[in-house]
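Got your viewer open? Get ready to select a few residues, one stop after another.

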Amino acid sequence: MNVRCILCDTRFVPDPITRKKILKHPHKIQICPKCKARITTQVTARRSDSIT
């Protein structure tokens, strides 16, 4: 199963847990691991800036 990332428009193969979730809820938006890591680092940086 190939899934297309909504942000970078690349195809990726989801891990087994994500694959099961996609089969149950195909209407949800999927993000590739690379974009997810990028977003996670930006959010954690923003949270750490707002705390101090």
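Before you click anything, here is the burial scale: a residue is buried if its relative accessible area is under 20%, exposed if over 50%, and partly exposed in between (1.4 Å probe, protein chains only). This is a predicted model, where local features need pLDDT of at least 70 and side-chain atom pairs count only at pLDDT 80 or more, while totals for chains, interfaces and linings use all residues. Residues are numbered from 1 along each chain as its sequence is written, and side-chain values use heavy atoms, with hydrogens and water left out.

**Stop 1: Cys35 and other cysteines**

Select Cys35, which sits in helix H2. Helices (H or I, at least four residues) and strands (E, at least two) are DSSP runs, numbered from the N terminus. Is Cys35 buried or exposed? Cys35 counts as buried, because its relative accessibility is 1%. Now add Thr10: the two are 25 residues apart along the chain, and their C-alpha atoms are separated by 10 Å.

How many disulfides does a search of the whole structure find? The search finds zero. A disulfide is a covalent bond between the sulfur atoms of two cysteines; here, the test is a pair of cysteine sulfur atoms within 2.5 Å. Try Cys8, which is in no disulfide: its nearest cysteine sulfur, that of Cys35, is 3.6 Å away. Cys8 is partly exposed, at 31% relative accessibility. Cys32 is in no disulfide either, and its nearest cysteine sulfur, again that of Cys35, is 3.5 Å away. Unlike Cys8, which is partly exposed, Cys32 is buried, with a relative accessible area of 4%.

Next, pick Cys5, in the loop between S1 and S2. Cys5 counts as buried because its relative accessibility is 1%. Add Ile39 and draw a line from C-alpha to C-alpha: the pair is 34 residues apart in sequence and 13 Å apart in space.

**Stop 2: Asp9 and its partner**

Go to Asp9, in the loop between strand S1 (3–4) and strand S2 (11–12). Which residue does the side chain of Asp9 meet in a salt bridge? The partner is Arg4, at 3.5 Å, N to O. A salt bridge is a side-chain nitrogen of Lys or Arg within 4 Å of a carboxyl oxygen of Asp or Glu, and a search of the whole structure finds one. Asp9 is partly exposed at 48% relative accessible area, and Arg4 is partly exposed too, at 39%.

Check the backbone while you're there. Most residues other than glycine have a negative phi. Asp9 is not a glycine, yet its phi is positive, about 60 degrees.

**Stop 3: Ile31 and the nonpolar patch**

Select Ile31, in the loop between helix H1 (16–24) and helix H2 (33–51). Ile31 is partly exposed, because its relative accessible area is 34%. Now add Ile6, Leu7, Ile29 and Ile39: with Ile31 they form a nonpolar patch on the surface, with about 450 Å² of accessible area together. Patches are made of residues with over 30% relative accessible area and no salt bridge; like charges are joined within 9 Å, and nonpolar side chains (Val, Leu, Ile, Met, Phe, Trp, Tyr) within 5 Å. Accessible areas come from the Shrake-Rupley method with a 1.4 Å probe, and for residues only the protein chains shown count as cover.
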